Amino acid sequence: MSDTTSVGDATTGGEAPITFYRLQACPYCERVARLLEAFELEYQSRFVEPLHSKRDVVKRVAGVRTVPVIVDNRTGVTMAESANIVEYLESTYGSGDLSSSETSAVAGGDD
Amino acid sequence: MADFDVVDLGPAAHPAVGESAPDFIRPLVTDEFWEDRTLSELVAEGGQTIVVFTPMIGSFVGTYVWEELRDRDWAERADRIVGVTASTPYAVSAFITENDAPFDLFADPANDVADAYGIPHDLDGMAGVSEPRVAFFAIDDDMVITASWVATDWPEFPEYDELEDEFGL
């Protein structure tokens with residue numbers, strides 16, 4: 001979906017079951033993105049602003065102003081904090097061994 | 001009016017009324033976030049979609065157009081207005097906030113969408129920078145263009161009252 005030159009073959013993840021609120025270049029968000037890719041999950045990225053004060057949508061959806069946040073429409077789960085999200089994705093979609101090092105990572109520190 | 005000739009861009013090779021509007025996918029910037037969306041996806045929500053191309057964020061031309069549309073209440077009067085401009089999502093996001101613009105705009109810094117619509121304008125004195133001409137396309141829910149207005153001078157703005165008549169606003 002990284003389309004830089006062609007505008008003709010338009011596809012979209014607008015119907016994707018997982019909505020992923022993220023900040024460009026945020027390592028905690030990239031960590032979640034890697035796992036979504038690894039589990040081949042369809043997701044729609046929504047990029048928010050660096051300033052927490054400009055993240056009303058995240059606050060409304062998840063009750064916090066940090067990202068990453070995912071909303072999984074298949075399970076009805078809305079979740080913040082990358083360590084929690086990693087653990088959720090692993091237990092919901094993982095085989096058990098892919099991200100053992102990820103799940104043991106220290107919680108917190110999200111952007 | 002100026003007592004000299006303004007820059008004549010000439011006619012653009014844009015899709016005509018009755019032809020299909022080129023589809024595209026780009027980040028659509030709202031007042032809260034941006035995400036990849038296709039034009040066809042928005043059009044499929046029904047009604048008439050008006051696609052408004054403007055020069056890059058920061059140019060007075062783009063600012064004048066969006067201020068005019070805001071003040072004329074197009075957001076309320078049209079089924080759907082969507083912008084396209086050759087700026088980054090961050091610039092578009094800041095513009096929406098600072099101008100209280102009740103519009104969503106596609107961010108297309110490489111100006112590929114304007115290319116697809118035959119309305120790119122390579123800027124003299126800004127090497128490598130291209131932006132859309134001011135242009136309006138009315139599109140029905142089958143992606144067919146039903147009316148259009150494309151600038152042929154630089155700068156040029158539409159007669160908004162006439163445009164509203166033609167676009168059924």
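**Entry 1: contacts and burial in chain A.** I looked up contact order first and found that residues 24 or more positions apart account for 59% of the contacts in chain A with a separation of 6 or more. I took two residues to be in contact if their C-beta atoms, placed from the backbone, lie within 7 Å. I noted that the model is predicted, that local features need pLDDT of at least 70, that side-chain atom pairs count only at pLDDT 80 or more, and that totals for chains, interfaces and linings use all residues. Residues are numbered from 1 along each chain as its sequence is written, while chains are lettered from A and ligands numbered from 1 in the order in which they are written.

I then checked burial: of the 111 residues in chain A, 34% are buried. Buried denotes 20 or more other C-beta atoms within 10 Å of the residue's own, exposed 12 or fewer, and partly exposed the range in between, with C-beta atoms placed from the backbone.

**Entry 2: secondary structure.** I found four helices and four strands in chain A, in the order β-α-β-α-β-β-α-α from the N terminus. These are DSSP runs numbered from the N terminus, helices being H or I with at least four residues and strands E with at least two.

**Entry 3: cis peptide bonds.** I recorded a cis bond between A:Val67 and A:Pro68, with omega about 10 degrees. A:Pro68 sits in the loop between helix H2 (56-62) and strand E3 (69-72) of chain A. In chain B, I recorded a cis bond from B:Trp154 to B:Pro155, with omega near 0 degrees. The loop holding B:Pro155 runs between strand E11 (153-154) and helix H6 (160-167) of chain B.

**Entry 4: positive phi.** I noted that A:Glu40, which is not a glycine, has a positive phi of about 55 degrees. Its loop lies between helix H1 (27-38) and strand E2 (43-47) of chain A. A:Glu40 is exposed, with 7 other C-beta atoms within 10 Å. I also noted B:Asp73, with a positive phi near 65 degrees, in the loop between helix H2 (60-71) and helix H3 (74-77) of chain B. B:Asp73 counts as exposed, having 11 C-beta neighbours inside 10 Å.

**Entry 5: nonpolar core.** I looked up the largest nonpolar core (buried Ala, Val, Leu, Ile, Met, Phe, Trp, Tyr and Cys residues joined through C-beta atoms within 7 Å) and found 67 residues. Among the members that touch the most others are A:Val32, A:Val67, B:Ile50 and B:Phe137. Leaving aside residues up to four places away in sequence, A:Val32 touches A:Phe20, A:Pro68, A:Ile70, A:Ser82, A:Ile85 and A:Val86.
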